[in-house]
Amino acid sequence: MIKVEWFYWLCGIFFVLIALQVLNDRTNPKRIGSAAFWGVLGLSFGYGTFVVNKTAPAWLLGIAVIGLAVLAGSGFPGKGQERTTTQAERARFADKFGNKLFLPALVIPVVAALFGAWLAKVKLGDGSLLLQSGSATIIGLGVASLLALAVGMALLRPRSPAVPLHEGRRLLEHIGWAAILPQMLATLGLLFNASGVGKAVGRVTDHLVPKGSLIAAVALYCIGMAVFTIIMGNAFAAFPVMTAAVGWPLLVTQFDGTPAVVFAIGMLAGFCGTLCTPMAANFNLVPAALLEMKDQYGPIKAQIPTAIPLLGCNIAIMYFFAF
Amino acid sequence: MWVLLAIAVVVVGFALRLNSMLVVTAAGIVAGLIGGLSPVKILNAFGDGFAGSRSVTVFIVTLPVIGLIERYGLQHQARKLIGKLTFATTGRLLAIYLLIRQGTAALGLTSIGGPAQAVRPLIHPMAAGAAERRYGKLPEKLQEKIKGFAASADTVGLFFGEDIFVAIGSILLITGFVDATYGLQLEAIDIALWAIPTGICALLIHGARLLYLDRQLDALAREARAEAKEVAK
């Protein structure tokens, strides 16, 4: 059986290689702390295998995770100077390669979907699944990325095999610590659950929703996602909170909703909130600044009349398809 | 009930724009302490949670190949293709851009759009150009309207397209979180497929509003002309 853990090790090795590159990057004013961030992250991906298998203590990883947060809070990881092609070179390359440039990228969704939809059901001779159950798409994504990279290398023929690693680092440094924020939020969800946050919110929402009303519960989850997202500016942060409070206890457990539908639509309801909030500055305020608008809320004003009916659509889709 | 303070930590921390990683960590510690977990148990929960949700961060394996094709002119090629399109009106141009942005985001090509990469250098000039051909020099009200809608076409297309692609943070967060917390085994692709109905609704609603924008611009231009005449008198 192909295990998803192999793939986490690939991610871990990628982060460790990035850390080594950063350590040697003299243009990065924060190279030591930055290398520490990516290095600890990479090692934690490998160590995580043993934590999941209960063969190593989890608290050690817990300390590492808090260490990562402290590093992020202290301004790490920082960026080095970008070593990539100039705009003029890119224009010339675009003329040379044309639409073939899209090909490597298209390999990713096609192969990942193939794994998720088809290989996920393939069984081995002994009757066990070829791919680890529940992880077929993730495994597919790993295979797809490697295939896409092979296609890209064959097509573009960069001068050294290290080029994609450098380019990957350029993008990763651009994202910075935000690359692991979703994983931190997922971790927070687990802590919320272990400490009874979900149960406490559930007691509050019991008073808000008429007993046994499915439509009221669906609306509470979707509107709650949107409102929390508007306040925090981030649907990712709203998701663990609202799911622990309403999505899981009420919609999935009590009303027997289909988890995939409930959670997918719940997140999208949060996105309706993102369209409306100045707290999501990089999506809503930065474009106004880039376009030199007089009214910095111009994009939000253009988006609110779409967000409100779309939130209604989400409530309807969840109500009709999840139950 | 005091455990709800942990949620307040998240809300206030994010609203105050403190470092999100610290906010999340603090909220976790607060939840654990109020919930009666011992310090070791809290550390264990951080470790178990982080190990169990590693799938959330696997999108990073796509970065080397995306960076590679960017190096060889991906954005330039996308700009060339979009620039070739010709449209009579602002609204139709933005509606087609919405469709392209959403479709490419659904295939994982999120980096070919964006306010800095596409809207400012390409989409907004094309949209404003189409309006100028129709109305002459644009009064400020029209300019602002076109800018706001050009930005919105990009954002709406991205939000409700990217969720159809499996290797995106929001999808992986959903599966990583519920798998680690509730012991489910959700396939990322099932979540992604359920983003399609909402994606279609977003395209229809925002697309219709972009097409309607042409009429709004007509009306704004008429008003502006009438005002100008008043002033001339």
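How many residues of chain A are in contact with chain B, and how many of chain B with chain A? Keep that in mind while you load this predicted model and get your bearings on chain A.

**Stop 1: chain A as a whole.** Select chain A and switch to a cartoon view. You will find 14 helices and zero strands, so to speak a run of α elements from the N terminus on. The C-alpha trace spans about 65 × 65 × 40 Å along its principal axes. Of the 323 residues in chain A, 52% count as buried. Among contacts in chain A with a separation of 6 or more, 71% join residues 24 or more positions apart.

**Stop 2: colour by confidence.** Chain A has a mean pLDDT of 90, and 100% of its residues reach 70 or more. Now pick out two helices of chain A: helix 14, where confidence is highest at 97, and helix 9 (residues 197-208), where it is lowest at a mean of 78.

**Stop 3: the interface.** Show both chains together, and the opening question gets its reply: 127 residues of chain A are in contact with 109 residues of chain B. On the chain A side, the largest share comes from helix 8 (residues 181-195) of chain A, which supplies 15 residues. Colour the side of chain A that touches chain B by residue class and you get 92 nonpolar, 29 polar and six charged residues.

**Stop 4: helix 13 of chain A.** Select residues 281-290 of chain A and show side chains. The buried residues here are F283(A), N284(A), P287(A) and A288(A). Look down the axis of helix 13 of chain A: these buried residues fall within an arc of 105°, so they line one face of the helix. Turn to the face pointing away from the buried side, and you meet the exposed residues N282(A) and A289(A).

What do the buried residues of helix 13 of chain A pack against? In chain A, their partners are helix 12 (259-276) and helix 14 (298-321); in chain B, they are helix 7 (115-135) and helix 8 (140-162). Before leaving, click on E292(A), just after helix 13 of chain A, which takes a positive phi of about 55°.

**Stop 5: annotated spans in chain B.** An unreviewed UniProt entry places "transmembrane region" features at residues 50-69, 164-184 and 191-212 of chain B. Try a distance between the end C-alpha atoms of two of these:

- Residues 164-184 of chain B: 21 Å, with the span 67% helix and 0% strand.
- Residues 191-212 of chain B: 32 Å, with the span 91% helix and 0% strand.

Notes
Residues are numbered from 1 along each chain as its sequence is written. Chains are lettered from A and ligands numbered from 1 in the order in which they are written. This is a predicted model: local features need pLDDT of at least 70, side-chain atom pairs count only at pLDDT 80 or more; totals for chains, interfaces and linings use all residues. UniProt positions are given in the numbering used here, feature names are shortened, and annotations may be inferred rather than shown by experiment. Helices (H or I, at least four residues) and strands (E, at least two) are DSSP runs, numbered from the N terminus. A residue is buried if 20 or more other C-beta atoms lie within 10 Å of its own, exposed if 12 or fewer, and partly exposed in between; C-beta atoms are placed from the backbone. The arc is that of the directions from the helix axis to the C-beta atoms. Two residues are in contact if their C-beta atoms, placed from the backbone, lie within 7 Å. Ala, Val, Leu, Ile, Met, Phe, Trp, Tyr, Cys and Pro count as nonpolar, Asp, Glu, Lys and Arg as charged, and the others, Gly among them, as polar. pLDDT is the predictor's confidence in each residue, from 0 to 100.
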